Amino acid sequence: MIHKGEAIQALCPTAEWTMDGDDLEWLSEDIDQPSEEAIIRKQAEMQYEREIKVYQQQRKIAYPSRDEQLDMMYWDKINDTTTWQDEIDRIKTLFPKVEVDSTLKQEKSDEAWNNILLQRYTKAVERLAMHQLSVEKEATADTTEVIQLDPLVDPSITETLVTNRGEPRVARLPATITYIDGDGEEIEIDNPIVVKDEAERAEAQAVVDSTPQAVIDIYEA
(Lines give C-alpha, C1' and ligand atoms only; values in the text may rest on other atoms or scores of the structure.)
Protein backbone atom coordinates (compact mmCIF):
# COMPACT_ATOMS: atom_id res chain seq x y z
CA MET A 1 0.00 0.00 0.00
CA ILE A 2 1.23 3.47 -0.86
CA HIS A 3 2.37 5.29 2.28
CA LYS A 4 0.96 8.69 3.13
CA GLY A 5 4.45 10.17 2.83
CA GLU A 6 4.80 8.93 -0.76
CA ALA A 7 1.58 10.68 -1.72
CA ILE A 8 2.68 13.93 -0.07
CA GLN A 9 6.02 13.74 -1.86
CA ALA A 10 4.24 13.28 -5.18
CA LEU A 11 1.88 16.18 -4.52
CA CYS A 12 4.53 18.59 -3.22
CA PRO A 13 7.98 17.37 -4.32
CA THR A 14 9.81 20.52 -3.14
CA ALA A 15 8.05 20.94 0.20
CA GLU A 16 9.61 20.30 3.59
CA TRP A 17 7.72 18.38 6.24
CA THR A 18 8.12 15.74 8.92
CA MET A 19 5.88 12.89 9.93
CA ASP A 20 5.56 10.99 13.19
CA GLY A 21 3.27 8.06 12.51
CA ASP A 22 0.30 9.71 10.80
CA ASP A 23 0.95 13.12 12.40
CA LEU A 24 2.14 15.53 9.73
CA GLU A 25 4.08 18.70 10.55
CA TRP A 26 4.27 21.09 7.59
CA LEU A 27 7.47 23.15 7.47
CA SER A 28 7.21 24.97 4.12
CA GLU A 29 5.47 28.28 4.68
CA ASP A 30 5.60 29.17 0.98
CA ILE A 31 3.88 25.94 -0.14
CA ASP A 32 0.30 25.11 0.74
CA GLN A 33 -0.14 21.92 2.72
CA PRO A 34 -2.26 19.41 0.75
CA SER A 35 -5.64 18.59 2.22
CA GLU A 36 -6.40 15.22 3.74
CA GLU A 37 -8.70 14.48 0.83
CA ALA A 38 -5.98 15.28 -1.70
CA ILE A 39 -3.54 12.96 0.09
CA ILE A 40 -6.04 10.08 0.36
CA ARG A 41 -6.97 10.40 -3.30
CA LYS A 42 -3.32 10.54 -4.38
CA GLN A 43 -2.56 7.40 -2.38
CA ALA A 44 -5.36 5.54 -4.18
CA GLU A 45 -4.25 6.77 -7.60
CA MET A 46 -0.62 5.82 -7.01
CA GLN A 47 -1.63 2.41 -5.69
CA TYR A 48 -3.72 1.80 -8.81
CA GLU A 49 -0.84 2.82 -11.09
CA ARG A 50 1.57 0.59 -9.16
CA GLU A 51 -0.73 -2.41 -9.55
CA ILE A 52 -1.08 -1.71 -13.27
CA LYS A 53 2.70 -1.79 -13.70
CA VAL A 54 3.13 -5.11 -11.93
CA TYR A 55 2.90 -6.93 -15.24
CA GLN A 56 6.14 -5.26 -16.37
CA GLN A 57 8.12 -6.85 -13.56
CA GLN A 58 6.35 -10.18 -14.04
CA ARG A 59 7.22 -10.17 -17.74
CA LYS A 60 10.82 -9.21 -17.04
CA ILE A 61 11.26 -12.16 -14.69
CA ALA A 62 9.46 -14.60 -17.01
CA TYR A 63 11.42 -13.75 -20.17
CA PRO A 64 14.38 -16.03 -20.95
CA SER A 65 17.80 -14.44 -20.63
CA ARG A 66 19.35 -12.65 -23.58
CA ASP A 67 21.69 -15.57 -24.28
CA GLU A 68 18.82 -18.07 -24.08
CA GLN A 69 16.78 -16.04 -26.55
CA LEU A 70 19.70 -15.79 -28.98
CA ASP A 71 20.15 -19.53 -28.73
CA MET A 72 16.45 -20.08 -29.47
CA MET A 73 16.67 -17.81 -32.52
CA TYR A 74 19.74 -19.66 -33.79
CA TRP A 75 18.13 -23.11 -33.59
CA ASP A 76 14.84 -21.79 -34.98
CA LYS A 77 16.76 -20.66 -38.06
CA ILE A 78 18.59 -23.95 -38.33
CA ASN A 79 15.49 -26.11 -37.78
CA ASP A 80 12.95 -23.79 -39.36
CA THR A 81 10.99 -23.70 -36.07
CA THR A 82 9.29 -20.93 -34.04
CA THR A 83 10.42 -21.82 -30.51
CA TRP A 84 11.53 -18.29 -29.67
CA GLN A 85 8.41 -16.62 -31.02
CA ASP A 86 6.16 -19.16 -29.31
CA GLU A 87 7.85 -18.57 -25.95
CA ILE A 88 7.61 -14.78 -26.25
CA ASP A 89 3.94 -15.01 -27.25
CA ARG A 90 3.26 -17.34 -24.32
CA ILE A 91 4.73 -14.91 -21.80
CA LYS A 92 2.92 -11.93 -23.29
CA THR A 93 -0.34 -13.85 -23.09
CA LEU A 94 0.38 -14.91 -19.52
CA PHE A 95 1.18 -11.35 -18.47
CA PRO A 96 -0.85 -9.12 -20.80
CA LYS A 97 -0.02 -5.45 -21.08
CA VAL A 98 -2.45 -3.25 -19.16
CA GLU A 99 -2.86 0.47 -19.70
CA VAL A 100 -3.91 3.01 -17.09
CA ASP A 101 -7.65 3.64 -17.37
CA SER A 102 -8.41 7.25 -16.40
CA THR A 103 -12.03 6.40 -15.56
CA LEU A 104 -11.05 3.49 -13.33
CA LYS A 105 -8.34 5.62 -11.77
CA GLN A 106 -10.93 8.24 -10.83
CA GLU A 107 -13.21 5.53 -9.44
CA LYS A 108 -10.39 4.26 -7.21
CA SER A 109 -9.82 7.81 -5.97
CA ASP A 110 -13.52 8.36 -5.24
CA GLU A 111 -13.82 4.99 -3.50
CA ALA A 112 -10.88 5.69 -1.19
CA TRP A 113 -12.22 9.07 -0.08
CA ASN A 114 -15.79 7.84 0.23
CA ASN A 115 -14.59 5.05 2.52
CA ILE A 116 -13.11 7.65 4.85
CA LEU A 117 -16.32 9.67 4.80
CA LEU A 118 -18.39 6.54 5.37
CA GLN A 119 -16.37 5.61 8.46
CA ARG A 120 -16.82 9.10 9.89
CA TYR A 121 -20.51 9.19 9.04
CA THR A 122 -21.10 5.80 10.69
CA LYS A 123 -19.29 6.91 13.83
CA ALA A 124 -21.23 10.20 13.91
CA VAL A 125 -24.61 8.49 13.54
CA GLU A 126 -23.73 6.10 16.35
CA ARG A 127 -22.71 9.05 18.55
CA LEU A 128 -25.95 10.91 17.91
CA ALA A 129 -27.93 7.78 18.75
CA MET A 130 -26.53 7.87 22.27
CA HIS A 131 -28.65 9.41 25.02
CA GLN A 132 -28.34 13.19 25.27
CA LEU A 133 -27.28 13.86 28.86
CA SER A 134 -29.08 17.21 29.13
CA VAL A 135 -32.43 15.65 28.19
CA GLU A 136 -34.49 13.31 30.35
CA LYS A 137 -34.95 9.87 28.93
CA GLU A 138 -38.34 8.36 29.59
CA ALA A 139 -38.68 4.80 30.66
CA THR A 140 -39.58 2.39 27.93
CA ALA A 141 -42.49 0.03 28.25
CA ASP A 142 -41.61 -3.48 29.29
CA THR A 143 -41.30 -5.84 26.40
CA THR A 144 -41.83 -9.47 27.16
CA GLU A 145 -39.58 -12.00 25.54
CA VAL A 146 -40.71 -15.61 25.68
CA ILE A 147 -37.98 -18.18 25.27
CA GLN A 148 -39.12 -21.75 24.75
CA LEU A 149 -36.59 -23.95 26.50
CA ASP A 150 -35.72 -27.12 24.63
CA PRO A 151 -36.86 -30.26 26.52
CA LEU A 152 -34.59 -32.34 24.30
CA VAL A 153 -31.60 -30.68 25.92
CA ASP A 154 -32.98 -31.14 29.44
CA PRO A 155 -36.04 -33.47 29.76
CA SER A 156 -36.93 -31.91 33.11
CA ILE A 157 -37.74 -28.57 31.45
CA THR A 158 -41.48 -28.17 30.87
CA GLU A 159 -41.92 -24.39 31.11
CA THR A 160 -40.98 -21.30 29.18
CA LEU A 161 -38.66 -18.55 30.38
CA VAL A 162 -40.15 -15.04 30.38
CA THR A 163 -37.94 -11.95 30.64
CA ASN A 164 -38.80 -8.25 30.75
CA ARG A 165 -36.47 -5.92 28.91
CA GLY A 166 -37.93 -2.48 29.61
CA GLU A 167 -35.41 0.36 30.17
CA PRO A 168 -35.68 2.59 33.24
CA ARG A 169 -36.06 6.36 33.23
CA VAL A 170 -32.83 8.36 33.07
CA ALA A 171 -32.90 11.83 34.63
CA ARG A 172 -31.21 14.65 32.76
CA LEU A 173 -28.00 16.05 34.11
CA PRO A 174 -28.12 19.68 35.37
CA ALA A 175 -26.77 22.30 32.98
CA THR A 176 -24.71 23.87 35.77
CA ILE A 177 -23.04 22.66 38.93
CA THR A 178 -21.85 24.45 42.05
CA TYR A 179 -18.50 23.95 43.68
CA ILE A 180 -16.61 25.67 46.49
CA ASP A 181 -13.40 27.43 45.55
CA GLY A 182 -10.29 27.89 47.67
CA ASP A 183 -11.84 30.89 49.45
CA GLY A 184 -14.88 28.90 50.49
CA GLU A 185 -17.15 30.68 48.01
CA GLU A 186 -19.74 28.84 45.97
CA ILE A 187 -19.25 29.21 42.23
CA GLU A 188 -21.68 28.04 39.61
CA ILE A 189 -20.19 26.76 36.37
CA ASP A 190 -21.39 24.89 33.32
CA ASN A 191 -21.54 21.18 33.95
CA PRO A 192 -18.37 19.90 32.21
CA ILE A 193 -19.94 16.52 31.51
CA VAL A 194 -22.87 18.15 29.72
CA VAL A 195 -20.54 20.55 27.91
CA LYS A 196 -18.44 17.65 26.62
CA ASP A 197 -21.54 15.71 25.59
CA GLU A 198 -23.00 18.67 23.70
CA ALA A 199 -19.68 19.39 21.99
CA GLU A 200 -19.35 15.80 20.81
CA ARG A 201 -22.94 15.78 19.57
CA ALA A 202 -22.41 19.07 17.72
CA GLU A 203 -19.27 17.67 16.09
CA ALA A 204 -21.11 14.50 15.09
CA GLN A 205 -24.00 16.49 13.67
CA ALA A 206 -21.59 18.60 11.62
CA VAL A 207 -20.16 15.42 10.13
CA VAL A 208 -23.64 14.14 9.28
CA ASP A 209 -24.64 17.47 7.72
CA SER A 210 -21.52 17.64 5.56
CA THR A 211 -21.61 14.05 4.32
CA PRO A 212 -22.43 13.76 0.60
CA GLN A 213 -25.69 12.03 -0.26
CA ALA A 214 -23.83 9.37 -2.24
CA VAL A 215 -22.02 8.29 0.94
CA ILE A 216 -25.26 8.31 2.92
CA ASP A 217 -26.82 6.09 0.28
CA ILE A 218 -23.98 3.60 0.73
CA TYR A 219 -24.52 3.63 4.50
CA GLU A 220 -28.27 3.12 4.21
CA ALA A 221 -27.82 0.31 1.71
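A residue is called partly exposed when its relative accessible area falls between the limits for buried, under 20%, and exposed, over 50%. Good morning, colleagues. With that term in place, let me add that the model before you is a predicted one, and turn to the aromatic residues.

Tyr 74 has a relative accessibility of 47%, so this residue counts as partly exposed. Trp 75, at 42% relative accessibility, is likewise classed as partly exposed. How many aromatic pairs does a search of the whole structure find? The search finds 2. In one of them, the ring centres of Tyr 74 and Trp 75 lie 5.0 Å apart; the planes stand at 80 degrees, and the pair is therefore edge-to-face. The rings of Tyr 121 and Tyr 219 also form a pair, with centres 5.1 Å apart and planes at 80 degrees, so that this pair too is edge-to-face. The pair of Tyr 121 and Tyr 219 links distant parts of the chain: Tyr 121 belongs to helix α6, Tyr 219 belongs to helix α8, residues 213–220, and 98 residues separate them. Is Tyr 121 buried or exposed? With a relative accessibility of 8%, Tyr 121 counts as buried. Its partner Tyr 219 has a relative accessible area of 34% and is partly exposed.

Helix α6 also brings us to the largest pocket. The volume of this pocket is about 230 Å³. Which elements give two or more residues to its lining? They are α6, residues 102–128, and α7, residues 192–210. The lining consists of Arg 120, Lys 123, Ala 124, Arg 127, Glu 200, Glu 203, Ala 204 and Val 207. By class, the lining residues divide into 5 charged and 3 nonpolar, with no polar residue.

I continue with helix α4, which spans residues 66–79 and contains Gln 69. Gln 69 has a relative accessibility of 17%; since buried means under 20%, this residue counts as buried. The side chain of Gln 69 makes a polar contact, at 2.9 Å, with the side chain of Trp 84.

In the loop between α4 and α5, the latter covering 83–94, we find Asp 80. What is notable about its backbone? Most residues other than glycine have a negative phi. Asp 80, however, has a positive phi, near 55 degrees. At 72% relative accessibility, Asp 80 counts as exposed, because the limit for that class is over 50%.

A positive phi also occurs in the hairpin of β1 and β2. Strand β1, residues 17–20, and strand β2, residues 23–26, run antiparallel and are joined by 4 bridges. In one of these pairings, Asp 20 has Asp 23 of β2 as its bridge partner. The hairpin has 2 residues between its strands, and Gly 21 there takes a positive phi near 70 degrees.

My last point concerns Val 170. Where does this residue lie? Val 170 is in the loop between β4, residues 160–164, and β5, residues 176–180. With a relative accessible area of 33%, Val 170 is partly exposed. Although Val 170 and Lys 137 are 33 residues apart in sequence, their C-alpha atoms are 4.9 Å apart in space.

To close, I return to helix α6: this helix carries Tyr 121 of the second pair I described, and α6 and α7 each give two or more residues to the lining of the largest pocket. Thank you for your attention.

Note on methods:
Residues numbered from 1 in each chain as written. Heavy atoms only, no water. 1 Å grid on protein atoms, 1.4 Å probe; cavity = no way out; pocket = protein on both sides within 12 Å on 5 of 7 lines; lining within 4 Å. Points joined across faces, edges and corners; volume = space filled by probe spheres on them. Nonpolar A, V, L, I, M, F, W, Y, C, P; charged D, E, K, R; others polar. Phe/Tyr/Trp six-rings, centres within 6.5 Å; stacked < 30°, edge-to-face > 60°. Buried < 20%, exposed > 50% of the residue type's maximum accessible area, 1.4 Å probe, protein only. Pairing = 2+ DSSP bridges. Polar contact = N/O pair within 3.5 Å; in protein donor to acceptor, adjacent residues only side chain to side chain.
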